[in-house]
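Please open the model in a viewer and keep the selection panel at hand. The tour proceeds by selections, each followed by a description of what is found there.

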Amino acid sequence: MKRMVTRSWIVAALLAAPALYAECALPPEVRLQMDLLTGRPGFVHYNRGLSLYDFGCATEAEVELNTAIAQLAGDAALTPSDRDLLALARDALTLARAQQLLQKGERSAAVARLMDVARGAESLIQLRALIAVVPLLDEQSPHWPAVERALDVLARRGYWQAEKVVAQRAVAGGRAAAAAAHLEQRLAAAENVHDMFAAATLLADVWRAAGRTLEAWLLIRKTEREAGTDLVDPELRVELIRVAAAIAGARASAGDEEAKRAKVIYESALREVTKR
Amino acid sequence: MRFSLRSPTPFALFIVTMLAGIIASTLLFRIAQNVSLAPPHKTIRPYDGAATDAQKLYLAARTSTSDLLFKIAFAALAALIGLQLSEKRRAYFSERGIFAAAGLLLASAYAAFLFQIGVSRCMDASLDDMFGPILSYPILCQFWFLFAGVVIVAAALFRRPRRATLAAAFVAVLACRAASADPAYKDCARSWAEIHSTALPTAATDDAARLVEHLVARQELHVAKSDRCAVAATMLDAVRYTALRDGSPETGVAAGKALAAILRAAREAAEAPNLSPGELVDRLMSIAEIWSVASGIFDIVSPKTLFVTVTDLAGSGEQWLGYTRLLLRLPPGRYRIRAADGTKVVYEADVALARNARVPVDAGPRP
């Protein structure tokens with residue numbers, strides 16, 4: 001249930017934004033979704049803050065999250081789920097402030113803040129912190145053990161974004177075969193449609209990185225046919241198109257005519273879904 | 001008829017024991033009716049031929065038990081009448097013992113009649129009631145009256161009234177001991193609520209007990225008496241997790257009300273003959289299933305309510321979630337236990353769990 005709730009938060013966050021934050025260049029449909037958010041004020045402000053953070057509007061996100069924290073903390077009788085939400089809002093505020101520091105170029109201060117959240121309990125806020133901190137760490141960073149451990153925990157819990165970061169780290173470290181073997185196991189053991197699509201998409205990407213482009217091409221084409229009707233996770237749909245475009249590009253370079261045609265379509269689709 | 005307490009006549013003793021037995025059985029049956037899902041003279045889900053396999057098996061087993069006890073009581077009564085009518089052998093027995101035993105055997109036969117009424121009532125009102133006391137109390141009466149009667153007859157064969165009295169006292173003590181050493185799930189639910197500082201309404205306590213009883217019966221578990229409260233606690237902890245995740249308070253009257261609503265819904269879902277009773281009941285079923293295999297128990301405590309994740313370090317990395325205090329029965333293995341206050345991890349340890357072990361885990365921190 002916790003996962004369902006948090007997943008709905010991230011979907012809500014991705015699809016929401018208020019009109020008053022026009023300077024953040026939020027797409028109109030996102031603004032509309034954000035205005036439709038209902039519930040307790042603390043919960044609504046928290047979700048608006050997250051949406052703004054996800055679109056890089058750190059200052060506006062900070063305002064919303066501070067409001068959420070003030071409203072939640074002002075409640076005399078907090079239930080355990082209220083306390084969890086309050087803690088999540090505080091962590092999200094830390095992320096927003098880290099984003100501001102990054103925008104100012106204060107990288108190490110941002111990393112320190114992000115690591116505070118990354119060391120916390122499993123949540124989508126922790127996942128956001130990990131995804132934000134990974135590109136900021138150099139190979140000698142002392143934070144890697146903690147980051148990899150937290151990513152591994154989230155990946156085992158079915159967060160495909162964490163699995164993706166783990167796989168990319170493995171490929172970059174020359175361990176593409178091991179990453180592919182792990183994802184093959186994940187695909188075989190997938191317990192639901194979402195996990196199956198996530199594992200297949202990531203596996204195709206790892207195969208492409210390992211030079212197994214034909215296998216990657218066959219897998220992504222098969223996945224794409226089924227995903228058209230069965231894949232509902234908007235983030236994963238975008239990832240699927242991104243991976244398909246990359247694989248089609250690799251196959252097109254090798255002279256695959258069908259892949260050349262598909263590449264044009266995938267790239268066009270990718271522009272549509274990422275233009276916001 | 002002249003009756004003296006100091007030395008009652010055999011016939012008076014027969015009447016007294018029979019009436020006492022009949023009154024006790026009737027009272028217990030009335031109590032069972034009052035705690036039934038369907039109130040007396042009300043129909044909730046009448047039998048429409050759609051009984052589950054578990055219900056059919058349970059009813060068949062109960063009916064055959066009652067039938068067997070009735071036949072034994074009837075045969076024993078016939079034998080006693082035969083003995084009394086046999087003038088030649090009559091002098092060798094204690095008449096009082098024989099008459100008292102006959103009274104108890106008749107009470108046992110009467111309890112068999114109550115059982116049949118109970119079955120009819122389950123068919124009329126709600127099949128779900130069959131797992132409750134409406135069928136179990138009459139059978140218990142049948143058994144104990146029969147057992148007491150047989151023991152008294154055995155003692156009476158020695159023609160020593162005092163021994164017969166001693167035997168009857170022994171049986172009474174045994175029955176009382178069995179009753180007191182046998183915590184009902186209702187008592188377990190009550191003590192669980194006390195431990196969690198939750199004011200669980202009486203009806204919710206009944207629902208909790210019936211839910212656990214039903215799931216135990218459905219999984220055909222043979223739960224040792226000493227494990228009853230642990231079984232109930234592992235299931236009620238899962239119900240509490242659902243309540244807390246849904247935003248209900250952790251203690252007090254409001255927590256009890258929130259739990260009561262979930263328990264009622266879970267009980268009705270569990271007792272309905274549906275293929276998919278819902279996420280919570282599925283979870284409770286899997287908890288009940290773990291009790292069918294050799295496992296260990298984590299008892300995770302903390303002064304403050306903490307969110308706990310227990311992850312299997314082997315295999316699929318399966319995870320169990322809950323709030324302290326949490327009683328979790330799991331297969332033997334190594335587990336990572338994390339306790340978080342909000343998003344701050346305040347306890348983390350890898351803990352081994354052995355078969356039949358009960359591992360206390362103090363997750364702290366101190367307030």
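Which residue of β7(B) is the bridge partner of B:V301? Select B:V301 and look across to β7(B): the partner is B:D362. The model is a predicted one, and this pair is a convenient point of entry into chain B.

**The sheet around β1(B)**

Extend the selection to the strands β1(B) and β7(B), which pair in the parallel sense over 5 bridges. Next, add β4(B), residues 326–330. Strand β1(B), residues 296–301, is joined to β4(B) by 5 bridges, and this pair runs antiparallel. To inspect one position of that pairing, select B:I300, which stands opposite B:L326 in β4(B).

With the three strands displayed together, an open sheet in the order β4-β1-β7 of chain B is seen, and its pairing is mixed. Strands β4(B) and β7(B), the latter comprising residues 358–362, stand at the edges with a single partner strand each, so one side of each has no neighbour in the sheet. On average, neighbouring strands here are turned by 20 degrees against each other, direction ignored.

Is β4(B) mostly covered or mostly uncovered? Colour the strand by burial: 4 of its 5 residues are buried, so that the strand is mostly covered. Then select α9(B), residues 228–245. This helix lies across β1 and β4 of chain B and runs at about 110 degrees to β4(B).

**The four-stranded sheet**

Now select β2(B), β3(B), β5(B) and β6(B). These 4 strands form an open sheet in the order β3-β2-β5-β6, with antiparallel pairing. Here β3 and β6 of chain B occupy the edges; each has a single partner strand, so one side of each is left without a neighbour in the sheet. From one strand to the next, the twist averages 20 degrees.

Within this sheet, isolate β2(B) and β5(B), an antiparallel pair joined by 6 bridges. Selecting B:D312 shows B:Y335 of β5(B) opposite.

**The side of chain B that touches chain A**

Display both chains and select the residues in contact between them: 19 residues of chain B meet 19 residues of chain A. On the side of chain B that touches chain A, the elements giving two or more residues are α9 (228–245), β2 (307–312), β3 (319–323), β5 (333–341) and β6 (344–353) of chain B. Which of these elements gives the most? It is β3(B), with 3 residues. Colouring this side by residue class gives 7 nonpolar, 8 polar and 4 charged residues.

**Helix α2 of chain A**

Move to chain A and select α2(A), residues 28–36, where A:V30, A:R31 and A:M34 are buried. The three cover an arc of only 100 degrees around the axis, which puts them on the same side of α2(A). An α-helix has 3.6 residues a turn, so residues three or four places apart point the same way. Rotate the view to the other side of α2(A), where A:P28, A:E29 and A:L36 are exposed. Finally, add α3 (41–54) of chain A, which is included in what covers the buried residues of α2(A).

**The whole of chain B**

To close, display chain B in full. It has 11 helices and 7 strands. Of its 367 residues, 42% count as buried. Among the contacts in chain B between residues at least 6 apart in sequence, 71% join residues at least 24 apart.

Note on methods. Residues are numbered from 1 along each chain as its sequence is written. Chains are lettered from A and ligands numbered from 1 in the order in which they are written. This is a predicted model: local features need pLDDT of at least 70, side-chain atom pairs count only at pLDDT 80 or more; totals for chains, interfaces and linings use all residues. Two residues are in contact if their C-beta atoms, placed from the backbone, lie within 7 Å. Ala, Val, Leu, Ile, Met, Phe, Trp, Tyr, Cys and Pro count as nonpolar, Asp, Glu, Lys and Arg as charged, and the others, Gly among them, as polar. A residue is buried if 20 or more other C-beta atoms lie within 10 Å of its own, exposed if 12 or fewer, and partly exposed in between; C-beta atoms are placed from the backbone. The arc is that of the directions from the helix axis to the C-beta atoms. Two strands pair if DSSP finds at least two bridges between them. Axes are lines fitted to C-alpha atoms, for helices over the stretch in contact, and angles run from 0 to 180 degrees between N-to-C directions.
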